[in-house]
Structure formats: structure tokens, C-alpha cells
Amino acid sequence: MLCETSKICCNVKSKVQSTSVMQHCDRVVCSESNSDLAALCVQGDGLDLQDDEVQVPSDTRVADGNFGTSSFNLRSTDNLPHVGDFVKDKTCSKNVGLQPGKNFYLNRLAFEDQSSSSRHSVISLPELLHPVQSISQIFIATFTSDILWFLSACEIPSHLPVTVACHNTERCWSSSTENRTSAPYPEFPNLVVVFPPFPEAIAFGEDLKRHGIGCHHPKLFVLQRDDNIRVIITSANLVPTQWNAVTNTIWWQDFPRRSAPDYSSLFTQFPGREVNQDPKSDFASCLAGFIATLLTDVPSQAQWIVELAKYDFGGAMGHLVASVPGIHSYKTPYMMESRHYACAERGPSGSSGMKFLGSVEASVVGLSYLFHNATDANGAKLKKLTSFLRKSCENAKDLSIVLTRNTNIPADANAVSIHVSNPIEFSEGVDCVQLGFLPRNIAKWVSPLWDIGIFRFSGYVCPKEALGAALGGNNKKVRLILHVLQGPKFQDITKMMQPQHVIALCSLVAAIERCTGLWRLQEVLGQYKWPESLDSEFVYGASSIGSINAKFLAEFSAAAGKRSFHQFDSEESDPEWGCWNARHESKDPSIRIIFPTIERVKNAHSGIFPSKRVLCFSEKTWQRLRTVDILHDAIPHPCDRVGHPMHTKVLSVIFI
């Protein structure tokens with residue numbers, strides 16, 4: 001999703017013209033539905049269109065009258081600088097954009113040339129990569145791909161390292177890490193195709209590892225050079241049709257190289273205990289977290305996370321909003337109240353002075369082995385553990401646990417045991433009872449980073465869950481909140497990092513809890529106040545409309561800042577007061593959806609076929625919405641794009 005907040009005022013009369021590209025509005029969101037990298041919120045001037053005043057005719061209707069139309073009256077801003085002097089015959093501009101990061105651009109379609117009226121606001125993929133010779137490595141995330149076309153069209157050198165993360169239904173659902181990568185082109189020995197894993201939590205069917213609803217749908221490029229790194233976010237997949245024949249949006253920005261790597265930038269910064277008030281400052285950590293999630297099963301590509309630490313993303317002009325497949329809820333990475341912090345070498349001690357970097361949600365394993373087998377034949381350990389846990393339950397607080405490295409367990413050299421001590425008489429040297437172990441997939445990255453002192457870890461469990469599991473209750477899972485802190489050797493991380501530590505760091509960055517999807521959108525846009533005294537037009541346009549309902553639309557609107565202050569059916573003392581919900585959405589729809597009509601698709605220059613794999617609208621949703629004043633025709637702009645398919649995703653909020 002691409003999201004822009006513009007300071008340009010809108011002159012809106014009556015209703016809103018449903019165009020494919022919204023511009024110059026108070027809040028603009030160009031979104032990629034079901035995407036992994038869901039949004040980029042940018043402060044800038046919007047898409048540059050050349051007309052001084054653009055007014056799209058409002059007489060376009062579908063024959064059956066199921067779509068409504070309405071009118072925009074938009075005033076453009078000052079023209080953006082020329083994209084560059086283009087050279088024909090596959091050579092590219094040497095000056096690609098003078099204001100990267102501040103504006104959205106459209107892709108250059110095949111029929112456009114230097115004389116096109118929209119030449120100032122379009123750019124091609126080869127131009128974005130120019131000069132290719134200075135690129136040291138490329139990372140690409142896409143849904144569909146034609147890699148051979150990309151290598152040829154952009155003249156990629158055969159030796160250049162290229163990582164392409166893309167969707168593959170069979171491989172993404174496979175539990176085998178061997179199926180996670182492919183090297184399909186021997187003539188490009190440094191090109192690796194990655195198939196990111198889908199979590200079992202969203203699987204269904206008899207074979208939970210191979211069926212589900214996951215989709216890897218982002219469109220992202222990261223171009224690393226010695227002096228800078230370029231981040232490109234677009235709505236186009238890595239296929240020639242979408243770059244040459246279908247309208248898509250593009251944003252990019254270059255970030256300078258640091259004098260020395262800053263590994264703390266890979267984590268969201270927390271001054272004291274307060275969450276940073278400027279979400280743009282976490283551009284690097286959001287980008288690193290997203291890429292690490294895709295590469296967590298691919299050790300050979302973990303170096304990407306280390307490379308990101310070498311560049312300064314502090315000047316980011318936008319906000320990243322990432323979404324990955326899974327079951328998510330609102331999470332605040334906060335520093336829990338703690339009386340103790342444990343580390344194996346020193347025993348329990350205060351955690352003050354150790355900078356908090358984030359938290360990881362894990363679990364405790366091995367309870368059955370420790371308390372229901374011959375290891376505790378007389379039940380003495382269980383009784384002692386029960387005593388400690390019951391005391392903690394009385395205090396109704398999370399229980400701080402002691403983590404200890406176990407280097408003498410042959411079955412797992414990375415083992416980390418979890419101990420519980422007397423919560424009333426907690427002091428150094430006190431006798432502890434082992435509760436269990438860290439899961440092996442967590443311990444494999446905790447231990448290498450802990451052993452060399454660059455990170456420290458503390459943990460908390462719910463005593464009631466632990467007590468129930470220890471006593472053999474139905475719920476065998478004990479949730480563990482693992483806190484990550486800078487270790488005493490953190491400042492020496494560059495000197496101490498070995499290949500195994502790079503892999504562990506990538507897994508750690510991927511595991512850190514962050515707000516994702518709508519929660520992240522709300523986190524970012526929550527800083528912008530929705531004017532209570534003004535009416536608003538909330539228009540969303542995309543190439544794919546799924547099985548949306550009032551509940552989802554309400555949640556989407558609420559995440560973007562919609563409130564129900566004009567509804568007087570509750571009091572301010574009500575916790576739900578002011579919250580926009582499904583009931584409000586059903587009564588007074590907040591979003592209008594723009595989507596090409598059937599007639600518009602039929603009358604395209606090349607007929608229906610070019611839109612066959614581009615446009616998607618759930619039939620059930622269509623039948624439910626076709627009689628409601630929500631659907632509106634999508635009219636391409638600039639006018640020379642009329643008759644060509646659109647793959648843009650635009651959300652516009654206009655205050656009247």
C-alpha cells in the first residue's frame with residue numbers, strides 16, 4: 001500500500017469523480033490489497049499531472065445503471081521536475097527524478113514517448129535501476145514474476161547478486177526448508193529465488209502444511225550501492241505486461257551510507273519507556289523486519305539485514321506499513337514492569353542500563369518431560385514449582401523467569417532452560433525450579449547472540465498458565481514473552497559478528513513483535529487528526545476487491561482515522577464512544593469503491609483479455625454492493641491512459 005498525506009487543498013464540488021489516480025488530497029492511500037508490504041505513507045505533493053485544472057466528465061455510466069458516477073474538481077500544484085533526459089534504444093536517464101520520496105509516479109507505458117504530455121510523471125523500470133553497473137546487489141519482492149524478462153530488459157550483469165522473493169503455492173506451504181529456495185538460471189549463478197513460508201496458523205484441510213489462504217503479494221525493490229541504497233515500492237509485479245501495458249504507481253527514495261553501521265536502527269527505538277512519537281523514524285526497522293520475515297529460512301540471504309544497518313534511513317519521507325500472512329492482534333512492544341532481570345553469568349540483577357530493543361512472543365516447552373516422568377518420580381519439583389506459581393498468582397502479575405544457557409545437553413547445543421524462583425524471596429543464589437526450555441527454533445538464534453554478549457534476554461510467563469500446564473491441565477501451552485536488550489558487547493557487534501551470528505540476527509529481527517496490517521496503518525495515521533467538523537469523502541480504488549463486509553470496511557476506516565463523533569447513540573463514558581464500527585458502516589457507509597465497469601473493460605483498446613489477470617471482484621460482494629450507492633466507475637487519468645488496464649491501488653480522503 002502506498003500512502004500519502006498532502007498539504008494541497010482540494011476544491012470539491014458535489015460528489016467525487018472516481019479516477020484511477022487520486023491527487024492533491026488531504027490524505028491519499030494507494031494500497032496493494034492482501035499485500036505483505038502493505039503501505040507507504042508519504043508526505044509530499046502527490047502524483048504530478050500536467051493540466052492546470054483537471055475536470056473529468058461525469059457522464060460515464062454502465063448500461064444497467066448499477067454503477068454511480070460523480071465529479072472531481074481538482075487543482076494541480078506546481079509541476080514536478082523533469083524525470084530525466086531519456087535516450088532511445090534501451091538506454092536510460094542519467095538523472096532519474098529530482099524529488100524522490102516526495103511524490104508518486106506512474107510507470108511508462110509502451111505507447112508513451114518523450115513527447116507525451118505526462119512525461120514529467122512517468123518512469124520505467126530500467127530508468128529506476130540506472131546505472132545498473134553501480135549496483136552491488138538487488139532484493140526484489142513480488143507476487144508473480146518473469147525473471148528472464150527482468151534480467152534482459154534491465155540488462156542485469158550475470159555476476160550481480162539478485163534475490164527474488166515471490167509467491168509459489170506449493171513451495172510457500174512446504175514445511176521443508178529445502179523447498180524454500182531455487183537457483184533456476186546457471187548463467188546467473190548469484191541469482192536466488194526465495195519462496196517465503198506461510199504459518200500453519202492460517203492453514204486448513206487435512207494436510208495443514210500444504211493448504212491455506214496465504215498470499216505473498218508485495219512489490220518491492222532494494223538496490224544497494226556503495227554510497228546509497230534505493231528503496232522502490234510499486235503496485236506492479238515483476239512481469240513485462242504490468243510495467244509496459246498496465247497503469248501502476250511507483251515511489252522510491254535513496255538513503256545515504258553511514259560512516260559506521262548502526263545495528264540499533266534495525267529495532268524500533270524506545271526513548272525511556274515511551275514509544276517513539278515519529279513512526280517515520282522506524283523506517284529502517286520496519287523494512288528490516290519485513291525482509292527478515294521473508295528470509296528467515298534462507299541463511300544464505302541473511303546478510304541483507306546486516307547490509308541495511310550500513311545506511312541512514314533517518315531522512316525517510318514516508319512510513320512503511322507491512323503485513324505478513326498470519327493471525328494478528330494489536331501488540332504494543334512495551335517494557336513490562338520487572339523487579340528482576342536474569343542472565344546466566346551473573347544471576348538475577350537489575351536490567352537498568354540495558355537498552356530495550358523489543359519483545360518476542362514464544363512459549364515454554366518440555367513441561368511434561370520435567371514433571372510427569374521419572375525425572376520427578378516423587379513429585380518434589382512439581383510441589384515446589386506449584387508453591388512458587390501460586391504465590392505469583394496471588395499477586396496477579398506476570399512472573400519474571402530466569403534464563404540459563406545449557407551447554408551440556410548433547411541433543412541441543414543451543415539449549416536454554418527456563419527457571420522459576422520464589423517470587424517473595426527472590427535474591428541472588430536462591431534455589432530455582434526449572435519450568436521448561438525455550439523452543440528449539442527460538443534457542444537456535446538466542447544462544448549464538450547471547451553467548452558473545454551482544455544481546456541479553458529476559459522473560460515473563462503467566463503464572464496461571466504455567467500452573468495449569470504443570471498440573472496436567474487441558475491447556476498445555478505456556479506463553480512466554482521474551483524481552484530483547486542490548487548486551488554489554490553490543491557496541492562491538494561489527495567486530496564480533498561471524499556468519500552464524502548474521503543468521504541469528506536475521507531470525508531475531510524477524511521475530512520481534514511489531515504492529516502489522518491495519519494495526520500499523522492505525523499507528524501511522526493515528527497521528528493525523530480527522531477533522532470532526534468537516535464532512536469527508538472516503539474513496540477507495542483497486543484492481544482486486546475481495547469478500548469485504550461492513551465489519552472490515554469499518555475497521556479499515558477506523559484505522560485510517562474515521563470516528564463516529566456525529567453519532568449520539570452513546571455517551572462519552574462508554575469505552576466504544578467515538579469508535580467507528582460495523583453498525584455505523586451499515587447505516588452510513590464511509591467508503592466509496594471505484595472499480596472499472598464492465599462496459600469500460602469491454603471498450604478497452606485491446607478488449608477484455610488484458611484485464612483478465614489484472615481485475616478481480618468477488619461475485620458475492622458485487623451482488624451485495626451493486627444496489628448500494630458505493631460502487632463508482634474508475635476513469636483513468638491522464639486521458640491518454642483511457643482504454644488501458646489499471647493496477648493502481650488508491651485510497652483518498654477528502655475533507656469538504
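Strands 13 and 14 run antiparallel and are joined by 7 bridges. Val231 of strand 13 stands opposite Gln253 in strand 14. The model is predicted, and it contains 17 helices and 29 strands. Of the 656 residues in the protein, 55% are buried.

**Strand 13 and its neighbours**

- On its other pairing, strand 13 is joined to strand 12 by 5 bridges, and these two strands also run antiparallel.
- The connection between strand 12 and strand 13 is a hairpin of 2 residues.
- Val231 stands opposite Val222 of strand 12, and opposite Gln253 of strand 14.
- Strand 13 is mostly covered, with 7 of its 7 residues buried.
- Asn228, Arg230, Ile232 and Thr234 point one way from the strand, whereas Ile229, Val231 and Ile233 point the other way; all are buried.

**The nine-stranded sheet**

- Strands 12, 13 and 14 belong to an open sheet of 9 strands with mixed pairing, in the order 7-6-14-13-12-8-9-11-10.
- The edges are strand 7 (122–123) and strand 10 (181–182); each has a single partner strand, so one side of each lacks a neighbour in the sheet.
- Strand 6 (residues 105–107) pairs with strand 14 (residues 249–256) in the antiparallel sense over 2 bridges, and Leu106 has Thr249 of strand 14 as its bridge partner.
- Helix 5 packs on this sheet, where it touches strands 8, 9, 11, 12, 13 and 14; the direction of helix 5 makes about 75° with that of strand 8 (135–142).

**Nonpolar cores**

- In soluble globular proteins, nonpolar side chains tend to be buried together.
- The largest nonpolar core in this model has 87 residues, and those with the most contacts inside it are Phe139, Leu266, Ile291, Phe313, Trp445, Phe455 and Leu505.
- Helix 5 (residues 283–295) supplies the largest share of this core, 10 residues.
- Leaving aside residues up to four places away in sequence, Ile291 touches Phe139, Val222, Trp304, Ile305 and Leu308.
- A second, separate core has 37 residues, including Leu125, Leu160, Ala236 and Leu238.

**The six-stranded sheet**

- Another open sheet has 6 strands in the order 18-23-22-19-20-21, with antiparallel pairing.
- Strand 18 (356–364) and strand 21 (432–437) are the edge strands, each pairing on one side only.
- From one strand to the next, the twist averages 35°.
- Strand 19 (residues 399–405) and strand 20 (residues 416–421) run antiparallel and are joined by 4 bridges; in strand 20, His419 is the bridge partner of Val402.
- Helix 10 (residues 463–470) packs on the sheet and touches strands 19, 21, 22 and 23; the direction of helix 10 makes about 130° with that of strand 23 (478–486).

**Helix 14 and its ends**

- Within helix 14 (residues 550–559), the buried residues include Leu553, Ala554, Phe556, Ser557 and Ala559.
- Asn549 caps the N-terminal end of helix 14, with a side-chain oxygen 3.2 Å from the backbone nitrogen of Lys551.
- Gly561 follows helix 14 and has a positive phi, near 115°.

**Whole-protein figures**

- Among contacts between residues at least 6 apart in sequence, 76% join residues at least 24 apart.
- The accessible surface of the protein comes to about 28,600 Å², and 51% of that surface belongs to carbon and sulfur atoms.

Notes
Residues numbered from 1 in each chain as written. Predicted model: local features only at pLDDT ≥ 70, side-chain atom pairs only at ≥ 80, totals over all residues. Heavy atoms only, no water. Pairing = 2+ DSSP bridges. Axes fitted to C-alpha atoms, helices over the stretch in contact; angles between N-to-C directions. Contact = heavy atoms within 4.5 Å. Core = buried A, V, L, I, M, F, W, Y, C linked by side-chain atoms within 4.5 Å. Buried < 20%, exposed > 50% of the residue type's maximum accessible area, 1.4 Å probe, protein only. Areas by Shrake-Rupley, 256 points an atom, 1.4 Å probe, with all protein chains shown as cover. Polar contact = N/O pair within 3.5 Å; in protein donor to acceptor, adjacent residues only side chain to side chain.
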